[in-house]
Amino acid sequence: KGEDSQREVSPQRLVYPEQLVLDAWCHLREDVRAFALDSIRRAEILEKRAKDVSERSLNQVLGSGYGIFSGN
């Protein structure tokens, strides 16, 4: 949307469909989201345990957006 926001995420994987993208669990939206790495201005490591999302779930949610998995 072109707006700045602050998110707490649990990183899952880095993919490179056309640019580096961080697939992560977004705690604000309570769902899997993809974040363009070149759009992230600042990151910090928190003393919290990251939520683990299965590869299958990541592919179901985000897969079709990359054209390399068969996702929803």
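I take a polar contact as a pair of N or O atoms within 3.5 Å, where one must be able to donate a hydrogen and the other to accept it. The model I am reading is predicted.

**Entry 1: R13**

I started with this definition in hand and went to R13. I found a polar contact of 2.8 Å between the side chains of R13 and N59. I then looked for another partner. The side chain of E55 also makes a polar contact with that of R13, at 2.7 Å. Where does R13 sit? I place R13 in strand β1. Is R13 buried or exposed? I read a relative accessibility of 10% for R13. Buried means under 20%, so R13 counts as buried.

**Entry 2: the sheet**

Next I traced the strands. I see an open sheet of three strands, in the order β1-β2-β3, with antiparallel pairing. β1 and β3 stand at the edges; each has a single partner strand, so one side of each lacks a neighbour in the sheet. On average, neighbouring strands here are turned by 30 degrees against each other, direction ignored.

I checked the pairs one by one. β1 covers residues 9–15 and β2 covers residues 21–26. I count six bridges between them, in the antiparallel sense. As a register mark I noted S10, whose bridge partner in β2 is W25. How many residues does the hairpin from β1 to β2 pass through? The hairpin has five.

On to the other pair. β2 and β3 run antiparallel and are joined by six bridges. My register mark here is L22, with F35 as its bridge partner in β3.

**Entry 3: E30**

I looked at the loop between β2 and β3 (31–36), where I found E30. Its backbone made me stop. E30 is not a glycine, yet has a positive phi of about 55 degrees. Most residues other than glycine have a negative phi. I also checked exposure. The relative accessible area of E30 is 60%, so E30 is exposed.

**Entry 4: the core**

Last, I looked up the nonpolar core. Which residues form the largest one? I list five: W25, V32, V53, L58 and L62. Nonpolar side chains tend to be buried together in soluble globular proteins. W25 is also the bridge partner of S10 that I noted in β2.

I followed L62 outward, leaving out residues up to four places away in sequence. L62 touches R13, D23, V32, R33 and A34. That list brings me back to R13, the buried residue of my opening entry.

Technical notes:
Residues are numbered from 1 along each chain as its sequence is written. This is a predicted model: local features need pLDDT of at least 70, side-chain atom pairs count only at pLDDT 80 or more; totals for chains, interfaces and linings use all residues. Side-chain values use heavy atoms; hydrogens and water are left out. Two strands pair if DSSP finds at least two bridges between them. Helices (H or I, at least four residues) and strands (E, at least two) are DSSP runs, numbered from the N terminus. Buried means under 20% relative accessible area, exposed over 50%, partly exposed in between (1.4 Å probe, protein chains only). Axes are lines fitted to C-alpha atoms, for helices over the stretch in contact, and angles run from 0 to 180 degrees between N-to-C directions. A nonpolar core is a set of buried Ala, Val, Leu, Ile, Met, Phe, Trp, Tyr and Cys residues joined through side-chain atoms within 4.5 Å. Contact means heavy atoms within 4.5 Å.
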